Amino acid sequence: MSYDLVIIGATTTALGLAQTVQGSLKTLIVNATEMVAYDVVNNYKQPEVYTQGAAYNKQFRDLQADVLLGTDVVRVTKRENGGGYILELLNIGDFRTVEAKFVVDTTMEREETLTGKSLNAIIIQQKGEKLPLLTWPGFSIVSEQHEHKYRSAILKFDCAPDWNVAEARHRLIDLWLERPEPLQNWKIAAMAFCFEERTTSGLRTRDVGYTALPAASFAEPEESIAAGIELGRSLITC
(Lines give C-alpha, C1' and ligand atoms only; values in the text may rest on other atoms or scores of the structure.)
Protein backbone atom coordinates (compact mmCIF):
# COMPACT_ATOMS: atom_id res chain seq x y z
CA MET A 1 0.00 0.00 0.00
CA SER A 2 1.20 3.51 -0.75
CA TYR A 3 0.93 6.64 1.38
CA ASP A 4 1.98 10.23 0.98
CA LEU A 5 3.20 10.28 4.57
CA VAL A 6 4.12 7.66 7.17
CA ILE A 7 4.56 8.92 10.74
CA ILE A 8 6.50 6.71 13.13
CA GLY A 9 5.19 7.01 16.69
CA ALA A 10 1.69 7.93 17.89
CA THR A 11 3.05 10.87 19.85
CA THR A 12 1.66 14.35 20.44
CA THR A 13 4.02 15.54 17.69
CA ALA A 14 2.44 12.98 15.37
CA LEU A 15 -1.03 14.18 16.39
CA GLY A 16 -0.32 17.80 15.46
CA LEU A 17 1.29 16.70 12.20
CA ALA A 18 -1.54 14.34 11.18
CA GLN A 19 -4.24 16.87 12.05
CA THR A 20 -2.54 19.46 9.85
CA VAL A 21 -2.07 17.32 6.74
CA GLN A 22 -5.39 15.47 6.82
CA GLY A 23 -7.32 16.11 3.65
CA SER A 24 -4.08 16.89 1.83
CA LEU A 25 -1.82 13.87 2.39
CA LYS A 26 -2.80 10.22 2.69
CA THR A 27 -1.27 9.35 6.06
CA LEU A 28 -0.35 6.28 8.09
CA ILE A 29 0.72 6.38 11.76
CA VAL A 30 2.69 3.38 13.03
CA ASN A 31 3.21 2.84 16.75
CA ALA A 32 5.09 0.05 18.52
CA THR A 33 2.65 -0.19 21.46
CA GLU A 34 -1.09 0.23 21.95
CA MET A 35 -0.56 3.56 23.71
CA VAL A 36 -1.15 6.88 21.96
CA ALA A 37 0.29 10.18 23.17
CA TYR A 38 2.50 8.03 25.37
CA ASP A 39 5.14 10.76 25.38
CA VAL A 40 3.04 12.76 27.85
CA VAL A 41 0.31 10.41 29.10
CA ASN A 42 1.82 7.01 29.82
CA ASN A 43 5.19 8.14 31.15
CA TYR A 44 3.86 10.63 33.76
CA LYS A 45 6.08 13.33 32.34
CA GLN A 46 4.11 16.21 33.79
CA PRO A 47 1.64 16.77 36.62
CA GLU A 48 -2.01 16.20 35.62
CA VAL A 49 -1.31 15.66 31.90
CA TYR A 50 -1.66 11.88 32.27
CA THR A 51 -5.34 12.39 33.14
CA GLN A 52 -5.96 13.55 29.55
CA GLY A 53 -5.46 10.09 28.05
CA ALA A 54 -9.09 9.69 26.99
CA ALA A 55 -9.04 13.04 25.20
CA TYR A 56 -5.89 12.17 23.27
CA ASN A 57 -7.34 8.77 22.36
CA LYS A 58 -10.40 10.46 20.89
CA GLN A 59 -8.26 12.86 18.86
CA PHE A 60 -6.34 9.96 17.35
CA ARG A 61 -9.57 8.08 16.58
CA ASP A 62 -10.98 11.16 14.86
CA LEU A 63 -7.98 11.54 12.54
CA GLN A 64 -8.43 11.12 8.82
CA ALA A 65 -5.48 8.73 8.83
CA ASP A 66 -4.76 5.03 9.13
CA VAL A 67 -3.32 4.08 12.52
CA LEU A 68 -1.45 0.82 13.16
CA LEU A 69 -0.87 0.19 16.88
CA GLY A 70 1.25 -2.63 18.28
CA THR A 71 3.35 -2.51 15.12
CA ASP A 72 7.13 -2.24 14.84
CA VAL A 73 8.98 -0.51 12.03
CA VAL A 74 11.63 -3.10 11.19
CA ARG A 75 13.38 -1.17 8.44
CA VAL A 76 13.13 2.04 6.45
CA THR A 77 14.71 1.76 3.00
CA LYS A 78 15.09 4.43 0.37
CA ARG A 79 13.68 3.35 -2.97
CA GLU A 80 16.33 2.73 -5.61
CA ASN A 81 14.85 5.29 -7.97
CA GLY A 82 15.03 7.88 -5.19
CA GLY A 83 11.28 8.38 -5.09
CA GLY A 84 10.29 7.87 -1.49
CA TYR A 85 10.74 5.02 0.98
CA ILE A 86 9.74 1.43 1.70
CA LEU A 87 8.89 0.58 5.31
CA GLU A 88 8.83 -2.98 6.62
CA LEU A 89 6.23 -3.37 9.39
CA LEU A 90 5.78 -6.24 11.83
CA ASN A 91 3.06 -6.93 14.35
CA ILE A 92 1.63 -10.01 16.04
CA GLY A 93 -0.70 -10.62 13.11
CA ASP A 94 1.43 -10.14 10.02
CA PHE A 95 4.40 -8.68 8.20
CA ARG A 96 3.83 -6.07 5.51
CA THR A 97 5.55 -3.37 3.52
CA VAL A 98 4.22 0.07 2.70
CA GLU A 99 5.56 2.85 0.51
CA ALA A 100 5.68 6.52 1.39
CA LYS A 101 6.74 9.74 -0.25
CA PHE A 102 7.55 11.28 3.14
CA VAL A 103 8.58 9.66 6.44
CA VAL A 104 8.59 11.48 9.78
CA ASP A 105 9.98 9.72 12.86
CA THR A 106 8.70 11.20 16.13
CA THR A 107 10.26 8.50 18.36
CA MET A 108 13.69 7.93 19.85
CA GLU A 109 13.93 4.36 18.53
CA ARG A 110 16.37 5.24 15.75
CA GLU A 111 18.00 8.16 17.55
CA GLU A 112 21.47 8.31 19.10
CA THR A 113 20.90 11.70 20.73
CA LEU A 114 19.40 10.55 24.03
CA THR A 115 20.55 12.90 26.79
CA GLY A 116 18.76 11.12 29.63
CA LYS A 117 15.72 9.12 30.62
CA SER A 118 13.72 8.41 33.74
CA LEU A 119 11.06 5.99 34.87
CA ASN A 120 8.33 7.95 36.61
CA ALA A 121 5.68 7.04 39.15
CA ILE A 122 2.76 8.71 40.88
CA ILE A 123 3.15 8.76 44.65
CA ILE A 124 0.42 9.76 47.09
CA GLN A 125 0.04 10.69 50.74
CA GLN A 126 -3.54 10.00 51.83
CA LYS A 127 -3.45 12.14 54.97
CA GLY A 128 -2.70 15.27 52.97
CA GLU A 129 0.69 15.95 54.49
CA LYS A 130 2.92 18.25 52.48
CA LEU A 131 5.68 16.84 50.33
CA PRO A 132 8.88 16.89 52.39
CA LEU A 133 11.95 18.76 51.21
CA LEU A 134 14.70 16.21 50.74
CA THR A 135 17.60 15.19 48.56
CA TRP A 136 17.49 11.62 47.27
CA PRO A 137 20.32 10.84 44.83
CA GLY A 138 19.05 9.50 41.52
CA PHE A 139 15.54 10.81 42.11
CA SER A 140 13.60 14.03 41.65
CA ILE A 141 10.08 14.76 42.85
CA VAL A 142 7.54 17.10 41.24
CA SER A 143 4.60 18.10 43.40
CA GLU A 144 1.08 18.16 41.94
CA GLN A 145 -1.29 21.00 42.67
CA HIS A 146 -4.94 20.02 43.12
CA GLU A 147 -7.83 20.35 45.58
CA HIS A 148 -8.06 16.70 46.65
CA LYS A 149 -7.71 15.79 50.31
CA TYR A 150 -4.69 13.62 49.55
CA ARG A 151 -1.32 14.85 48.32
CA SER A 152 0.31 13.52 45.18
CA ALA A 153 3.57 13.98 43.30
CA ILE A 154 5.55 12.58 40.39
CA LEU A 155 8.61 10.60 41.39
CA LYS A 156 11.29 10.53 38.65
CA PHE A 157 13.93 7.81 38.78
CA ASP A 158 17.02 8.43 36.63
CA CYS A 159 17.84 5.38 34.49
CA ALA A 160 20.87 4.17 32.55
CA PRO A 161 20.54 4.35 28.75
CA ASP A 162 20.63 0.56 28.35
CA TRP A 163 17.95 -0.30 30.93
CA ASN A 164 14.64 -1.61 29.65
CA VAL A 165 11.36 -0.76 31.35
CA ALA A 166 11.06 -4.08 33.21
CA GLU A 167 14.54 -3.72 34.69
CA ALA A 168 13.93 -0.11 35.66
CA ARG A 169 10.62 -0.98 37.36
CA HIS A 170 12.31 -3.67 39.46
CA ARG A 171 15.11 -1.30 40.45
CA LEU A 172 12.64 1.43 41.36
CA ILE A 173 10.62 -0.93 43.57
CA ASP A 174 13.75 -2.14 45.37
CA LEU A 175 14.92 1.42 46.04
CA TRP A 176 11.44 2.54 47.09
CA LEU A 177 11.44 -0.13 49.82
CA GLU A 178 14.53 1.63 51.22
CA ARG A 179 13.18 5.16 50.71
CA PRO A 180 14.13 8.02 53.05
CA GLU A 181 12.22 8.35 56.30
CA PRO A 182 10.27 11.50 55.23
CA LEU A 183 8.63 9.43 52.47
CA GLN A 184 7.63 6.47 54.64
CA ASN A 185 3.97 7.59 54.70
CA TRP A 186 3.88 7.93 50.91
CA LYS A 187 2.82 5.12 48.59
CA ILE A 188 3.32 4.41 44.89
CA ALA A 189 -0.10 4.71 43.26
CA ALA A 190 0.97 4.00 39.66
CA MET A 191 4.14 3.36 37.71
CA ALA A 192 4.80 4.43 34.13
CA PHE A 193 4.68 1.96 31.24
CA CYS A 194 7.40 3.74 29.27
CA PHE A 195 10.36 6.02 29.89
CA GLU A 196 10.40 9.78 29.89
CA GLU A 197 13.17 10.33 27.36
CA ARG A 198 15.10 13.56 26.86
CA THR A 199 16.93 14.88 23.82
CA THR A 200 17.94 18.24 22.39
CA SER A 201 18.08 17.10 18.76
CA GLY A 202 14.85 18.72 17.54
CA LEU A 203 13.97 18.77 13.84
CA ARG A 204 16.54 17.08 11.65
CA THR A 205 16.64 15.83 8.07
CA ARG A 206 17.92 12.25 7.81
CA ASP A 207 17.55 12.12 4.04
CA VAL A 208 15.45 13.70 1.30
CA GLY A 209 11.85 13.29 2.45
CA TYR A 210 12.88 11.54 5.69
CA THR A 211 12.66 13.74 8.79
CA ALA A 212 13.30 13.15 12.48
CA LEU A 213 11.27 15.19 14.96
CA PRO A 214 11.34 13.40 18.34
CA ALA A 215 8.49 14.28 20.68
CA ALA A 216 11.05 13.88 23.48
CA SER A 217 12.56 17.19 22.33
CA PHE A 218 9.69 19.11 23.93
CA ALA A 219 8.87 19.66 27.59
CA GLU A 220 5.23 20.62 27.04
CA PRO A 221 2.65 18.73 24.96
CA GLU A 222 1.53 22.02 23.46
CA GLU A 223 5.07 22.60 22.16
CA SER A 224 5.18 19.10 20.70
CA ILE A 225 1.83 19.51 18.93
CA ALA A 226 2.85 22.95 17.63
CA ALA A 227 6.07 21.50 16.17
CA GLY A 228 4.03 18.83 14.40
CA ILE A 229 1.69 21.46 13.01
CA GLU A 230 4.58 23.53 11.70
CA LEU A 231 6.16 20.53 10.01
CA GLY A 232 2.81 19.52 8.55
CA ARG A 233 2.37 22.94 6.96
CA SER A 234 5.79 22.65 5.34
CA LEU A 235 4.97 19.20 3.91
CA ILE A 236 1.71 20.41 2.39
CA THR A 237 3.55 23.12 0.49
CA CYS A 238 6.19 20.72 -0.88
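The side chain of Asn43 reaches back to the backbone oxygen of Asp39, at 3.0 Å. That is a handy place to start with this predicted model, and Asn43 has a good deal more going on around it. The residue sits in the loop between β2 and α2, and with a relative accessibility of 3% it counts as buried, because the cut-off for buried is anything under 20%.

What else does Asn43 touch, once its neighbours within four places in sequence are left aside? The contacts are Tyr38, Asn120, Ala192, Cys194, Phe195 and Glu196. Another residue to look for from here is Glu197: it comes 154 residues away from Asn43 along the chain, yet the two C-alpha atoms are separated by 9.1 Å.

The loop that holds Asn43 has a couple of backbone oddities to show as well. Ala37 is found there too, between β2, which covers 27-30, and α2, which covers 53-61. Its phi is near 55°, a positive value in a residue that isn't glycine. Glu48, also in the loop between β2 and α2, does something along those lines, with a positive phi near 75°, again in a residue other than glycine. Are these two residues buried or exposed? Ala37 is buried, with a relative accessible area of 0%, whereas Glu48 is partly exposed, at 30%.

Stepping back to the whole protein, there are four helices and 13 strands to find. The radius of gyration is 19 Å, close to the 18 Å that the globule rule gives for 238 residues, so the protein is as compact as a globular protein of that length. Along its principal axes, the C-alpha trace spans about 65 × 35 × 35 Å.

How much of the protein is tucked away as buried? Of the 238 residues, 47% count as such. The contacts tell a story about sequence distance: take those between residues at least 6 apart in sequence, and 65% of them join residues at least 24 apart.

As for the outside, the accessible surface adds up to about 12,300 Å², and carbon and sulfur atoms account for 50% of that. Charge rounds off the picture. The protein carries 24 positive side chains and 31 negative ones, and the centres of these two sets lie 3 Å apart.

Conventions:
Residues are numbered from 1 along each chain as its sequence is written. This is a predicted model: local features need pLDDT of at least 70, side-chain atom pairs count only at pLDDT 80 or more; totals for chains, interfaces and linings use all residues. Side-chain values use heavy atoms; hydrogens and water are left out. Helices (H or I, at least four residues) and strands (E, at least two) are DSSP runs, numbered from the N terminus. The radius of gyration is taken over C-alpha atoms; the globule rule is 2.2 Å times the number of residues to the power 0.38. Buried means under 20% relative accessible area, exposed over 50%, partly exposed in between (1.4 Å probe, protein chains only). Contact means heavy atoms within 4.5 Å. Accessible areas come from the Shrake-Rupley method with a 1.4 Å probe; for residues, only the protein chains shown count as cover. Lys and Arg count as positive and Asp and Glu as negative; His and the chain ends are not counted. The place of a charge is taken as NZ of Lys, CZ of Arg, CG of Asp or CD of Glu. A polar contact is a pair of N or O atoms within 3.5 Å; within protein, one must be able to donate a hydrogen and the other to accept it, and residues adjacent in sequence count only if both atoms are side-chain atoms.
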